[in-house]
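Hello,

Here is the structure I said I would pass on. Please have a look at it before reading my notes underneath.

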Amino acid sequence: MTVTVADDRELVARAVAGDVDAFDELIRRHSGRVYGLLVRLLGNPASAEDVAQETFVRAWRALPSFRGDALFSTWLYRIAANEASRLLAKETRRRELPIDDALEEIPDLSADPSVTAELGDLQAHVERCVAELPPDYRASVVLRDVEGLTNEEAAEVLGIGVRNLKSRLHRGRMAVRRCLEKALGND
C-alpha cells in the first residue's frame with residue numbers, strides 16, 4: 001500500500017478530532033523511519049527507542065498546532081531531531097554508532113566472501129566516521145545522505161536555512177572523507 005500525502009492529511013485531521021486509531025496509523029506509517037533517523041543521530045538503539053516514544057508523545061500533544069504547511073513526515077522529523085538534540089545536549093560523552101543496529105542494507109554478495117568482508121569493513125568505517133561528526137553535521141549528513149530528504153526538507157527538519165544546511169552538509173561530508181582516508185590509509 002502506497003502512502004500518499006492526502007492519506008496523512010486525512011489521518012491528521014481525524015486524529016485532531018480525537019480519533020486515536022488515526023494517530024496510531026500515523027505512528028505505524030512513520031515509526032520505522034523516525035526510529036532509523038534517531039539511531040543514526042544518537043548512535044544508540046535504546047536511546048533512539050526512548051526518544052522515538054517521546055517524539056510521538058510530543059507529536060500527539062502538538063497535533064492541534066500542526067498547520068499542514070509542511071508534510072506530516074517532515075514535521076515529525078523536526079520533532080524527532082529536536083528531541084535528539086535535547087538528549088545529546090544532556091550527554092557528556094560521545095557514543096559510537098552500533099554498527100549491527102544501524103547498517104543499511106547492502107547487496108547480497110555471499111558468493112564472494114572477500115568482497116562481503118571488504119564492504120562490511122568499509123560500511124563500519126563510514127558508520128564510525130558519521131558517528132564521530134559533531135551533532136549538527138551528523139544530523140545534516142544523516143537527513144540528506146541516509147534518509148534521502150531534499151535540502152529544503154532537511155533544512156526544515158533542523159529549523160535552519162537551506163544555505164546553512166548546505167554548509168553543514170559540505171563540512172560533514174568533508175570530515176567523513178578525511179576520516180575515511182585516515183582509516184583506510186589514503187591520507
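Below are notes on a disulfide, a helix pair and one buried residue, all taken from a predicted model.

Disulfide. The count comes to one disulfide. Cys-129 and Cys-179 form it, with their sulfur atoms 2.2 Å apart. The pair links distant parts of the chain: Cys-129 sits in helix 6 (residues 113-131) and Cys-179 in helix 9 (residues 162-183), 50 residues apart. The torsion about the S-S bond of Cys-129 and Cys-179 is about -80°, so this disulfide is left-handed. Both Cys-129 and Cys-179 are buried.

Helix pair. The axes of helix 2 (residues 20-42) and helix 7 (residues 135-146) come within 9 Å and cross at roughly 140°. The two helices, helix 2 and helix 7, are therefore oblique to each other, and helix 2 passes helix 7 in a right-handed crossing. On the helix 2 side the contact is made by Leu-37, Arg-40, Leu-41 and Leu-42, which meet Arg-138, Ala-139, Val-142, Leu-143 and Val-146 in helix 7. The residues of this contact divide into seven nonpolar, no polar and two charged.

Val-12. This residue lies in helix 1 (residues 5-16). Val-12 has 7% relative accessibility and so counts as buried, the limit being under 20%. Leaving aside neighbours within four places in sequence, Val-12 is in contact with Leu-26, Leu-63, Phe-66 and Phe-72. The C-alpha atoms of Val-12 and Glu-25 are separated by 9.8 Å, and the two residues are 13 residues apart along the chain.

Regards

Definitions and conventions
Residues numbered from 1 in each chain as written. Predicted model: local features only at pLDDT ≥ 70, side-chain atom pairs only at ≥ 80, totals over all residues. Heavy atoms only, no water. Axes fitted to C-alpha atoms, helices over the stretch in contact; angles between N-to-C directions. Helix = DSSP H or I, 4+ residues; strand = E, 2+ residues; numbered from the N terminus. Parallel < 35°, antiparallel > 145°, perpendicular 65-115°, else oblique. Left-handed = near helix turned anticlockwise from the far one by under 90°. Contact = heavy atoms within 4.5 Å. Nonpolar A, V, L, I, M, F, W, Y, C, P; charged D, E, K, R; others polar. Buried < 20%, exposed > 50% of the residue type's maximum accessible area, 1.4 Å probe, protein only. Disulfide = S-S within 2.5 Å.
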